[in-house]
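Colleague: I have a model open and would like to learn how to read it. Could you take me through it one feature at a time?

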Amino acid sequence: MKKLTAVDLTKLVKDFIQLEHLDETSRLLKIAQNKEKQLIEERDTLLETVKGLQQTLQQQCDLRVENERLKNEALHMKKENKAQSKESNIRLQRIAAEMKALQDQHQRELEDCDKETQRKLDAKETELKVAHERNEWALEEMRRQMREKEKEMQSQIIKLQMEFGAKLARAQSMSTKSQPQTQASAPHPQNIFKRKLQFIQEEKNKEIEALRQRVRELEQQNLHGLMDSRLKRRKN
């Protein structure tokens with residue numbers, strides 16, 4: 001029978017305790033490693049989240065900058081539009097004032113033109129009236145002359161007829177005493193007086209017709225003058 005060796009229980013218990021400590025350490029190390037891995041994953045996740053947040057913040061900052069720029073541009077455009085609107089209003093007021101001045105000037109020119117036209121019409125009417133009165137006087141004078149000519153012609157005709165009658169009577173009394181040869185060679189006194197009387201009547205008729213034609217022309221001129229004056233007054 002073998003001899004049993006003595007066992008150091010104290011050492012054994014101590015080793016056992018150390019083994020338990022080692023197991024606990026391994027377990028705690030494993031737990032720590034797992035925890036570290038979990039923390040690393042959480043860190044990476046957080047880093048990604050932070051990175052996303054940073055990008056979002058950067059985009060928001062960029063948007064804010066862009067919005068501020070657009071806002072400033074809109075404000076600037078608003079100011080420019082306001083200034084342009086004010087300038088346009090001033091320009092429109094100036095144009096309206098110029099148009100008003102031109103309209104007033106045009107109205108004055110029209111009034112002056114109307115006054116000048118009326119003055120010319122009045123002067124023309126006065127001139128026509130004077131010419132009409134002068135023509136009326138000339139017509140009356142020509143009518144008087146024509147009457148005098150007619151009276152003169154009638155007097156001459158009567159005188160010639162009396163002379164013709166007296167000469168015809170003498171010629172007839174003398175014809176009985178004359179020889180046939182003398183009567184054949186000399187022109188008949190009755191024919192001479194007839195031709196003379198006819199010539200005088202034709203000349204007087206020509207003079208009277210000329211006076212009548214002149215009277216008609218003057219009357220026509222007066223009629224045209226009055227019609228022109230009336231038409232001008234109607235147009236005015």
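Colleague: Let's start with burial. What share of the 236 residues of the protein chain counts as buried?

Modeller: Here 10% of the 236 residues count as buried. Keep in mind that this is a predicted model. The protein chain exposes about 20,600 Å², and carbon and sulfur atoms supply 57% of that area.

Colleague: And the secondary structure? How many helices and strands are there in the protein chain?

Modeller: The chain has three helices and zero strands. If you follow the sequence, the pattern reads α-α-α. One of the helices is H1, which covers residues 9-175.

Colleague: How do I read contacts along the chain? Among contacts between residues at least 6 apart in sequence, what percentage joins residues at least 24 apart?

Modeller: That figure is 92% in the protein chain. Contact here means heavy atoms within 4.5 Å.

Colleague: Now the charged side chains. What lets two of them pair?

Modeller: The general idea is that side chains of opposite charge can pair when their charged atoms come close. For the count, a nitrogen of Lys or Arg has to lie within 4 Å of a carboxyl oxygen of Asp or Glu. By this rule there are nine salt bridges.

Colleague: Could you show me a pair? Which residue does Glu87 meet in a salt bridge?

Modeller: The partner of Glu87 is Arg91, at 3.2 Å from N to O. Both residues lie in helix H1, four residues apart, about one turn of the helix. Glu87 is partly exposed at 46% relative accessibility, and Arg91 is partly exposed at 40%.

Colleague: How far apart in sequence are Lys100 and Asp104 in helix H1?

Modeller: They are four residues apart, so about one helical turn separates Lys100 from Asp104. These two form a salt bridge, with their closest N and O atoms 3.1 Å apart. Lys100 has a relative accessible area of 45% and is partly exposed. Asp104, with 29%, is partly exposed too.

Colleague: I'd like one more pair. What is the distance between the closest N and O atoms of Arg144 and Glu148?

Modeller: In that salt bridge the closest N and O atoms are 2.3 Å apart. Arg144 and Glu148 both lie in helix H1, with a spacing of four residues, about one turn of the helix. Arg144 is partly exposed at 31% relative accessible area, and Glu148 is partly exposed at 40%.

Colleague: Some salt bridges join up, I gather. Which residues are linked in a network?

Modeller: Look at Glu66, Arg69 and Glu73, which are linked in a network of salt bridges.

Colleague: What about charges on the surface outside those bridges? Which residues gather in a patch of negative charge?

Modeller: For a patch, a residue needs over 30% relative accessible area and no salt bridge. The negative patch on the surface brings together Glu109, Glu111, Asp112 and Asp114. Take Asp112 as an example: its place is in helix H1. With a relative accessible area of 47%, Asp112 is partly exposed, so it passes the 30% cut-off.

Colleague: And the nonpolar side chains? Which residues make a nonpolar surface patch?

Modeller: Val13, Phe16 and Ile17 make a nonpolar surface patch of about 270 Å². Ile17 is found in helix H1.

Colleague: Why can Ile17 count towards a patch?

Modeller: Ile17 is partly exposed, with a relative accessible area of 37%, and therefore lies over the 30% cut-off.

Terms used: Residues numbered from 1 in each chain as written. Predicted model: local features only at pLDDT ≥ 70, side-chain atom pairs only at ≥ 80, totals over all residues. Heavy atoms only, no water. Patch = residues over 30% accessible without salt bridge, like charges linked within 9 Å, V, L, I, M, F, W, Y side chains within 5 Å. Areas by Shrake-Rupley, 256 points an atom, 1.4 Å probe, with all protein chains shown as cover. Helix = DSSP H or I, 4+ residues; strand = E, 2+ residues; numbered from the N terminus. Buried < 20%, exposed > 50% of the residue type's maximum accessible area, 1.4 Å probe, protein only. Lys, Arg positive; Asp, Glu negative; His and termini not counted. Charge placed at Lys NZ, Arg CZ, Asp CG, Glu CD.
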